[in-house]
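Morning, everyone. I have one structure to show you today. Have a look at it first, and then I'll talk you through it.

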Amino acid sequence: MSDYSREFEAIVRAYEQSGGDASALLDRRFASLVVSGNRVLASNSIPGVRIEGEETETGARARVTVEPGTQVALPVHLCFGVTPQEGLQEIIPEFEIGEGAKVRFLAHCSFPNAVNVRHLMDAKVHVGRGAKVEYSETHFHGREGGVEVVPKTEVKVEAGGAFRNQFRLVTGRVGRLDLDLNAYLEERAICDLEVKVHGRKDDEIRVKESVYLNGAGCRGLVKSRIVVTERAQSEVLGEIVGNAPYTRGHVDCMEIVQGDRATAKAVPLLQVFHPTAKLTHEAAIGSLDKKQVQTLMARGLSEDEAVDVVVRGLLK
């Protein structure tokens, strides 16, 4: 078996561990991109969706173009990962979504053996007029916690467009996460952002998501669900800025702390620069429902198992 084949098999196994459907990476009906370390192992374009991958010394550049008016029936699959224990992966993607297009992305990032791995991403997303984009990103980091993930994303949504993003890191250790997303909306555009993370042991979680309502009548939602246990730490900043008339925005932060040494901080930040803009927020930091944990323990689960079941329910 060649080195290429072994590496492809390894990244496919990691893709499956993160919840991905590996068959989609081999099915030519799906647009897809597979990057392991700094190697582009597979790339498939379909009518209306063009994917270009370029290897760099430390990772890869990628450009994804969805032609105007294209309605992509099947999700576009993206797979990024590092399978060795150590490594650096820098991904620089650009997404160009044409006017009136509709597309859903399923991205899986996997670092199953990480002891000293850094994954950096600097993404730019342009959503054309009236286009609809859903981007779902799921991470799997293994059990050692030896990974640092630093995703930076800038999103521009033109008039009448919609961008919905979900980031999930609930399986395995987090390690260190520093997520930073900024979205800029034109008139009547919509942006929904959601983050779900479970931190364990000495994991460190930092999330900053900002939505700038720059066009009349646009709307934004920033939502986070963070659970920290043992000695894990989290800090969440959800920001919405109302710069235009009749804009609407809401920040919804919930952090759960389990254990005497875990710490959490939530900061909803609202700024209004037009008298007809309306922004709201709710933030809560608390502990797990003890009755739920006790009920599960009465049915034979250990305390750790019971806590895990309740946490999975919160982050489902």
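I'll go through the sheets, then the core and its rings, then the cysteines.

One caution before we start. This is a predicted model.

Let's take the sheets. There is an open sheet of 10 strands, with mixed pairing. Its order is β2-β1-β5-β7-β9-β11-β13-β15-β17-β19. Which strands are at the edges? They are β2, residues 39-44, and β19, residues 278-286. Each of these pairs on one side only. From one strand to the next, the twist averages 5°.

Look at the β2 end. Strand β1, residues 32-36, is joined to β2 by 5 bridges. These two strands run antiparallel. One bridge to find on your screen: Leu33 has Ser43 in β2 as its partner.

Now the other sheet. An open sheet of 9 strands runs in the order β3-β4-β6-β8-β10-β12-β14-β16-β18. Pairing here is mixed too. The edges are β3, residues 49-55, and β18. Each has a single partner strand, so one side of each has no neighbour in the sheet. The twist averages 5° from strand to strand.

Let's walk along part of that sheet. Start at β12, residues 176-185. It is joined to β14 by 10 bridges, and the two run parallel. Leu177 stands opposite Ile205 in β14. Strand β14 itself covers residues 204-213. How many of its 10 residues are buried? The count is 8, so to speak of β14 as mostly covered is fair.

Next step: β14 to β16. Again the pairing is parallel, over 10 bridges. Val211 has Ile240 in β16 as its bridge partner. Then β16, residues 233-242, to β18. That is 10 bridges, also parallel. Here Ile240 has Leu270 in β18 as its partner. Ile240 therefore turns up in both pairings, with Val211 and with Leu270.

Stay on Leu270 for a moment. It lies in strand β18, residues 263-272. Buried, partly exposed or exposed? At 26% relative accessibility, Leu270 is partly exposed. Leaving out residues up to four places away in sequence, Leu270 touches Ile240, Val251, Leu279, Thr280 and His281. Leu270 and Gly238 are 32 residues apart in sequence. In space, their C-alpha atoms are 8.4 Å apart.

On to the core. The largest nonpolar core holds 68 residues. Which of them touch the most other members? Phe105 and Phe163 do. Beyond its neighbours within four places in sequence, Phe163 has contacts that include Val125, Val127, Val133, Tyr135 and Val155. Ile190, Cys191, Asp192 and Leu193 are among its contacts as well. There is also a second, separate core of 10 residues. Val12, Leu25, Leu41 and Ala42 are among them.

Now the rings. The model has 4 aromatic pairs. I'll show two. In one, Phe95 and Tyr135 meet edge-to-face. Their centres are 5.7 Å apart, with 80° between the planes. Phe95 sits in strand β6, residues 86-97, and Tyr135 in strand β9, residues 132-140, so this pair ties together parts that are 40 residues apart in sequence. Phe95 is buried, at 7% relative accessible area. Tyr135 is buried as well, at 11%.

The other pair is Phe105 with Tyr135. The ring centres are 5.7 Å apart and the planes are at 40°, so this pair is tilted. Phe105 lies in strand β7, residues 102-110, and Tyr135 in β9, so the pair ties together parts 30 residues apart in sequence. Both residues are buried. Put the pairs together, and Phe95, Phe105 and Tyr135 are linked into a cluster.

Last topic: cysteines. How many disulfides does a search of the whole structure find? The answer is 0. Take Cys79. Its nearest cysteine sulfur belongs to Cys109, 8.0 Å away. Cys79 is buried, with a relative accessible area of 2%. Then Cys218. For this residue, the nearest cysteine sulfur is that of Cys191, 9.6 Å away. Cys218 is buried too, at 0%.

That's the tour. Thanks for listening.

Key. Residues numbered from 1 in each chain as written. Predicted model: local features only at pLDDT ≥ 70, side-chain atom pairs only at ≥ 80, totals over all residues. Heavy atoms only, no water. Phe/Tyr/Trp six-rings, centres within 6.5 Å; stacked < 30°, edge-to-face > 60°. Helix = DSSP H or I, 4+ residues; strand = E, 2+ residues; numbered from the N terminus. Buried < 20%, exposed > 50% of the residue type's maximum accessible area, 1.4 Å probe, protein only. Contact = heavy atoms within 4.5 Å. Pairing = 2+ DSSP bridges. Axes fitted to C-alpha atoms, helices over the stretch in contact; angles between N-to-C directions. Disulfide = S-S within 2.5 Å. Core = buried A, V, L, I, M, F, W, Y, C linked by side-chain atoms within 4.5 Å.
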